[in-house]
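Thank you for asking for a reading of this model. The notes are written for someone who is meeting the structure for the first time, and they are meant to be read with the structure open alongside.

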Amino acid sequence: MRGAASPITILQMAGGAARGLLRGETKTRDLPGAWLRANDIRLDADAIADYGRLCGFQQGQGVPLTWPQILAFPMHLRLMMRPDFPFPLAGLVHLHNRIRQRARLTPGETLSLDTSFGCLMTHERGQAFSILTAAHRDGVVVWEGQSVYLKRGGQGRGLAAPAMRAASEMARDQAWRVPTDLGRRYAGVSGDANPIHTSALGARLFGFPRAIAHGMWTKARALAVLTPQRGFDAAEIEVSFRSPLLLPGEAAFFVTPDRRDFEVRDPTGERVHLRGRLNVLASSEITV
């Protein structure tokens, strides 16, 4: 993958998952006080274009809000592959993702990325925790992200994990066909080669009947619909991942009249795969 922090190979990911399974959970349930920094991460125009085409963005929409999340993903994995990380890597579920962009990003420029563990959170299905990312340009934070993951089973501690309520007055906006090879293609542009997305066999090992779409692809695909022709200067997009989108499959995009709240559902409109909210931020709402 071009223009990102050093990617994690499939063998490294498998090795990290295997070590976690063999080790099990650590005695402590606290998150390590670790953080990582990657300097001089270039926003590669070709890599952004490849990613944008797969997620439905148009060239004029600029750098997608979700792109720095892709750049930081290898750092997230490295944190979770640490020997003092208290949970096995295999089986963790991405529950929630929030991104806040403070200033427009431009292909060709360079950023510095900081990634660290956030906090433990309670969830009805187990222990949740967060990973935080900040992107700096010339020492100023221009982008921030929070990813919340779930370790199933047991009783969690901490504040409640974020959840999003359904909005009213949503209408179907468009329908998508999601091909069989989407997981493998998205792994190629994102570096996320989790076998539940790239292999039917890998998915079955974790209880899915076939491979499932990456949640961050689903988020990006929805964002592409909502991004204006010239892109964003500053905006915030938050989503909760609700249920897996099986590959191949079909999905329907629903949105409120103000195009602020949205959902990705199954073709019947009954099952929600993703629920989200987009806020375009005025300059008065941005602090640096």
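The numbered points below take up empty spaces, the surface, salt bridges, pairs of residues and backbone geometry in turn.

1. Please keep in mind throughout that this is a predicted model, and that the values quoted here are computed from it. As a reminder of how empty space is found, rolling a probe the size of a water molecule over the atoms shows where such space is left. The structure holds one cavity of 30 Å³ or more, and the volume of the largest cavity is about 80 Å³. Its lining is made up of 13 residues, and those that lie nearest the centre are Gln-61, Gly-62, Val-63, Gly-231 and Phe-232. Sorted by class, the lining of the largest cavity comprises seven nonpolar residues, five polar residues and one charged residue.

2. The second largest pocket offers about 270 Å³ of space. Among the residues that line this pocket are Ala-45, Ile-48, Ala-49, Gly-52, Arg-53 and Phe-57, and the lining also includes Gln-58, Gln-59, Pro-64 and Pro-107. A reader who has just looked at the cavity will recognise two names, since Gly-62 and Val-63 belong to the lining of the second largest pocket and are also listed for the largest cavity. By class, seven residues of the pocket lining are nonpolar, four are polar and one is charged.

3. On the surface, Leu-201, Leu-205 and Phe-206 form a nonpolar patch, and together these residues have about 340 Å² of accessible area. Leu-205 belongs to helix 6, which covers residues 200–205. Is Leu-205 buried or exposed? Its relative accessibility is 67%, and because exposed means over 50%, Leu-205 counts as exposed.

4. The count of salt bridges comes to 18, and three of them are worth following one by one. In one of these, the side chains of Asp-84 and Arg-82 meet at 2.8 Å, N to O. Asp-84 is partly exposed at 32% relative accessibility, and Arg-82 is partly exposed as well, with a relative accessible area of 31%.

5. A salt bridge also joins the side chains of Arg-259 and Asp-173, with an N to O distance of 3.2 Å. Arg-259 lies in the loop between strand 9 (249–255) and strand 10 (261–265), whereas Asp-173 lies in strand 7 (residues 171–178), so the pair ties together parts that are 86 residues apart in sequence. Arg-259 has a relative accessible area of 34% and is partly exposed, and Asp-173, at 33%, is partly exposed too.

6. Arg-230 and Asp-233 form a salt bridge in which the closest N and O atoms are 3.8 Å apart. Arg-230 counts as exposed at 52% relative accessibility, while Asp-233, with a relative accessible area of 39%, is partly exposed. Elsewhere in the list of salt bridges, Arg-98, Arg-100 and Glu-236 are joined into one network by bridges that share partners.

7. Two pairs of residues illustrate how separation along the chain compares with separation in space. Ser-130, which sits in strand 4 (residues 126–137), is buried with a relative accessible area of 1%. Its C-alpha is 8.9 Å from that of Ala-161, although 31 residues separate the two in sequence. Asp-40, by contrast, is exposed, with a relative accessible area of 62%, and is found in strand 1 (residues 35–42). The C-alpha atoms of Asp-40 and His-136 are 10.0 Å apart, and these residues are 96 residues apart along the chain.

8. For the backbone, it helps to recall that most residues other than glycine have a negative phi, and most peptide bonds are trans. Which form does the peptide bond from Leu-247 to Pro-248 take? The bond is cis, with omega near -10°, and Pro-248 is located in the loop between strand 8 (235–241) and strand 9.

9. Asp-138 is not a glycine, yet its phi is positive, at about 55°. Asp-138 is placed in the loop between strand 4 and strand 5 (140–152) and is exposed, with a relative accessible area of 79%. Glu-169 likewise has a positive phi, near 60°, in a residue other than glycine. Glu-169 lies in the loop between strand 6 (159–160) and strand 7, and with a relative accessible area of 64% it is exposed.

Definitions and conventions
Residues are numbered from 1 along each chain as its sequence is written. This is a predicted model: local features need pLDDT of at least 70, side-chain atom pairs count only at pLDDT 80 or more; totals for chains, interfaces and linings use all residues. Side-chain values use heavy atoms; hydrogens and water are left out. Patches are made of residues with over 30% relative accessible area and no salt bridge: like charges are joined within 9 Å, nonpolar side chains (Val, Leu, Ile, Met, Phe, Trp, Tyr) within 5 Å. Accessible areas come from the Shrake-Rupley method with a 1.4 Å probe; for residues, only the protein chains shown count as cover. A salt bridge is a side-chain nitrogen of Lys or Arg within 4 Å of a carboxyl oxygen of Asp or Glu. Helices (H or I, at least four residues) and strands (E, at least two) are DSSP runs, numbered from the N terminus. Buried means under 20% relative accessible area, exposed over 50%, partly exposed in between (1.4 Å probe, protein chains only). On a 1 Å grid over the protein atoms alone, a cavity is a set of points where a 1.4 Å probe fits but cannot get out, and a pocket is an open set with protein on both sides within 12 Å along at least five of seven lines; lining residues have an atom within 4 Å of a point. Grid points are joined across faces, edges and corners, and a volume is the space filled by probe spheres set on the points. Ala, Val, Leu, Ile, Met, Phe, Trp, Tyr, Cys and Pro count as nonpolar, Asp, Glu, Lys and Arg as charged, and the others, Gly among them, as polar.
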